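Have the model open beside you as you read. We'll start with one residue, step back for the overall picture, and then visit a few spots inside.

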Amino acid sequence: MIYNKPDALSDLSTHYCPGCTHGIIHKLIAAALDELDCEGRTIGIAPVGCAVMAYDYFNCDMIEAAHGRAPAVATGVKRNLPEHVVFTYQGDGDLAAIGLTETVHAAARGELITIIFVNNAIYGMTGGQMAPTSLPGQITQTTPFGRDVQHAGYPIHICEMLSTLDGAALVERVSMDSIPNIAKAQKAIKKAFTYQIQKKGFSIVEVLSSCPTNWGVTPVEALQWIRDKMMPYYPLGVFKDIGEKQNHETN
């Protein structure tokens with residue numbers, strides 16, 4: 001066997017645009033659930049956004065949350081079913097705009113949930129408007145001349161912000177732009193779920209993802225756009241990892 005579809009991933013074809021990397025991220029999550037053998041006790045929280053129908057693509061139990069409220073729903077589920085693995089799957093509008101408060105306070109409280117945060121720097125489902133993560137100068141439907149930070153403010157660096165909170169156990173940013181980075185993303189997502197199972201605290205993995213349709217580029221160009229535009233502004237890496245910190249202290 002060279003390759004097999006993860007058991008936690010359903011057989012349905014996704015609705016995502018050609019070149020969108022949501023599907024790859026879904027596969028990485030499902031593979032992690034398979035490796036940890038926790039699909040039967042996993043509950044995912046679907047967002048409002050491009051991934052609004054994520055409940056169709058995973059074989060674990062799923063709940064649809066109101067726009068931005070996935071961390072709050074996940075908190076309630078986890079506190080009532082503490083032995084279950086609970087994760088949210090959210091885009092930059094869902095998490096960084098309307099849901100920012102829920103995200104920050106879930107991290108501050110150290111809720112034992114895992115957030116997979118998909119950052120494509122734009123509102124995808126609603127037509128390509130500016131998002132909280134849209135880059136300075138980026139052209140969107142609501143910033144046709146580019147994002148002017150004097151009027152629209154600066155993008156929010158979610159990982160950098162959440163890493164300052166004591167309740168956060170793992171905060172990492174990864175990317176879908178290349179095979180090596182996808183492999184690193186797989187490890188990060190598995191580690192995030194592992195930390196939840198080990199009750200270490202709140203974990204979030206931010207994934208830089210492509211949106212060829214709303215960026216107005218081809219799928220191949222979109223991957224290069226991640227490298228050229230997004231990664232310099234949103235550098236990849238581990239911003240907080242209490243496991244590594246504990247290991248260093250032990251050594």
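## A residue in a loop

Where is the place of Asp37? Asp37 sits in the loop between α1 (22–36) and β1 (42–46). Helices (H or I, at least four residues) and strands (E, at least two) are DSSP runs here, numbered from the N terminus. Asp37 counts as exposed because its relative accessibility is 69%. The cut-offs go like this: buried means under 20% relative accessible area, exposed means over 50%, and partly exposed is in between (1.4 Å probe, protein chains only). Asp37 also has a phi near 55 degrees, which is positive even though the residue isn't glycine. Most residues other than glycine have a negative phi.

A quick word on the source: this is a predicted model, where local features need pLDDT of at least 70 and side-chain atom pairs count only at pLDDT 80 or more, while totals for chains, interfaces and linings use all residues. Residues are numbered from 1 along each chain as its sequence is written, and side-chain values use heavy atoms, with hydrogens and water left out.

## The whole chain

Zooming out, the protein chain has 10 helices and seven strands. Its C-alpha trace spans about 50 × 40 × 35 Å along the principal axes. The radius of gyration is 17 Å, which agrees with the value near 18 Å for a compact globule of 251 residues. That radius is taken over C-alpha atoms, and the globule rule is 2.2 Å times the number of residues to the power 0.38.

Buried residues make up 51% of the 251 in the chain. Now look at contacts (heavy atoms within 4.5 Å) between residues at least 6 apart in sequence: 69% of them join residues at least 24 apart.

## Ala121 and Ser134

Next, find the loop between β4 (114–119) and α5 (149–152), where Ala121 has its place. Ala121 has a positive phi too, near 65 degrees, and isn't glycine either. Ala121 counts as buried because its relative accessibility is 0%.

Ser134 belongs to the loop between β4 and α5 as well, and at 0% relative accessibility Ser134 counts as buried. A polar atom of the Ser134 side chain lies 2.7 Å from the backbone oxygen of Ala121. Setting aside neighbours within four places in sequence, Ser134 is in contact with several residues, including Ile122, Thr140 and Pro155.

## Ser203 in a strand

Which strand holds Ser203? Ser203 is in β6, residues 202–208, and counts as buried at 0% relative accessibility. Its side chain makes a polar contact with the side chain of Thr114, at 3.0 Å. A polar contact is a pair of N or O atoms within 3.5 Å; within protein, one must be able to donate a hydrogen and the other to accept it, and residues adjacent in sequence count only if both atoms are side-chain atoms. The Ser203 side chain also reaches the backbone oxygen of Ala192 at 3.1 Å.

## Thr103 in a helix

Last stop: Thr103, in helix α4 (residues 100–109). Thr103 has a relative accessible area of 1%, so this residue is buried. Its side chain reaches the backbone oxygen of Gly99 at 3.0 Å.

How far apart in space are Thr103 and Leu162, C-alpha to C-alpha? They are 8.8 Å apart, with their positions 59 residues apart in sequence numbering. Not counting neighbours within four places in sequence, Thr103 is in contact with Pro71, Leu95, Ile115, Leu162 and Phe202.
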